[in-house]
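Reader: Please show me the model first. Then I want to ask how each label is earned.

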Amino acid sequence: MKGIILYFSKYGATKKYVDWLSKSTNFDVVPVKKAKKSHIKDYDVIILGSGIYASGIKGVKFLRKHAKLLSDKKVLIFCVGASPFDEKAFQTLKDHNLKDDLKHIPCFYLRGAWNMDKMTFIDRTLCKLLFKMLAKKEKDKLEVWEKALLAAGNRVVDWTNERYLAPITKYLANLNQ
Ligand SMILES: Cc1cc2nc3c(=O)[nH]c(=O)nc-3n(C[C@H](O)[C@H](O)[C@H](O)COP(=O)(O)O)c2cc1C
């Protein structure tokens, strides 16, 4: 099967997963910002990989725009965040990002990286504001991802690991059977 990985990676963690995945699958790789209709039409398997930014998955708009073309394709999404995996938080994220005709698309979660020094001024300011808000919240009321971001704080952390791709490669292998 001919496959393509469309991706959005602001700080590189998602791109690391994209590179590992493209190596093991031989799928083509295109930034979702440069993606065209032909990048769906000409492929059997379409993967969207994106970092999570303020609970948003980038590139979903592109899939939504071409939802009709996707109906006879194998599609999957993976998103990369700083939080450890949490079933409830992941369901909320999916409900928020994958509505209507995108609801059925299988979605996987991978853990990324965190480095405030590398962030743009705006992103760093946003994160500092978030920290201030979270500091006022009662500790036992914090969501899993909120706790994780607070714990990461100013530290440089890289949780990426090729092994986290196993459920995705397993899913892709099953498509070939
Ligand atoms: C402005 C901003 C908002 C973020 N919001 C979230 C979030 O809502 N949930 C989460 O798990 N991680 C969040 N993160 C962490 C990123 O998802 C994480 O750093 C990821 O590795 C980014 O992928 P990238 O390196 O490919 O850009 C946020 C990061 C930034 C800079």
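Author: Start in the loop between β3 and β4 (56-57), where Ser-55 is found. This is a predicted model: local features need pLDDT of at least 70, side-chain atom pairs count only at pLDDT 80 or more, and totals for chains, interfaces and linings use all residues. Residues are numbered from 1 along each chain, as its sequence is written.

Reader: What makes β3 and β4 strands rather than helices?
Author: Both names come from DSSP runs: a strand is a run of E of at least two residues, a helix a run of H or I of at least four, and numbering starts at the N terminus.

Reader: Why is Ser-55 called exposed?
Author: Count the other C-beta atoms within 10 Å of its own, with C-beta atoms placed from the backbone: 20 or more is buried, 12 or fewer is exposed, and in between is partly exposed. Ser-55 has 12, so it is exposed.

Reader: What else stands out about Ser-55?
Author: Its phi is near 65°. That is a positive value in a residue other than glycine.

Reader: Which other residue has a positive phi of about 70° although it is not a glycine?
Author: Asn-26. It lies in the loop between α1 and β2. Asn-26 has 8 other C-beta atoms within 10 Å, so it counts as exposed.

Reader: How do you know whether Phe-108 is buried, exposed or partly exposed?
Author: Phe-108 sits in strand β6. It has 19 C-beta neighbours inside 10 Å, so it is partly exposed.

Reader: Which residues does Phe-108 touch?
Author: Contact needs C-beta atoms, placed from the backbone, within 7 Å. Leaving out residues up to four places away in sequence, Phe-108 touches Leu-76, Phe-78, Pro-167 and Ile-168. Ile-168 is 60 residues along the chain from Phe-108, yet their C-alpha atoms are separated by 7.3 Å.

Reader: How far apart in space are the C-alpha atoms of Asp-42 and Tyr-164?
Author: They are separated by 28 Å, with their places 122 residues apart along the chain. Asp-42 is in the loop between α2 (38-41) and β3. Its 11 C-beta neighbours inside 10 Å make it exposed.

Reader: What makes β1 mostly covered?
Author: Six of its six residues are buried. Gly-3, Ile-5 and Tyr-7 point one way. Ile-4, Leu-6 and Phe-8 point the other way.

Reader: Why do side chains in a regular strand point to two faces?
Author: I can give you the rule: in a regular strand the side chains alternate between the two faces of the sheet.

Reader: How do you know that β1 pairs with β3?
Author: Strands pair if DSSP finds at least two bridges between them. β1 and β3 have six, and they run parallel. Phe-8 stands opposite Ser-50 in β3. β1 also has four bridges to strand β2 (residues 28-31), again parallel. There, Leu-6 has Val-30 as its bridge partner.

Reader: What makes the β1, α1 and β2 unit right-handed?
Author: With the strands pointing away from the viewer, a right-handed path from the first strand over the helix to the second runs clockwise. The β-α-β unit of β1, α1 and β2 is right-handed. So is the unit of β5, helix α5 (residues 87-97) and β6. β5 and β6 pair in the parallel sense over five bridges. One of the partners across them is Leu-110 in β6, opposite Val-80.

Reader: What makes a set of residues a nonpolar core?
Author: The members are buried Ala, Val, Leu, Ile, Met, Phe, Trp, Tyr and Cys residues, joined through C-beta atoms within 7 Å. The largest one has 30 residues. Ile-5, Leu-6, Phe-78, Cys-79 and Val-80 touch the most other members. β1 gives the largest share, five residues.

Reader: Which residues come nearest to the ligand?
Author: A residue is near if its C-beta atom, placed from the backbone, lies within 6 Å. There are 23 around the ligand, and Ala-13, Thr-14, Gly-51, Gly-81 and Gly-112 come nearest. Among the elements giving two or more residues to this shell are α1 (13-25) and β5 (74-81).

Notes. Two residues are in contact if their C-beta atoms, placed from the backbone, lie within 7 Å.
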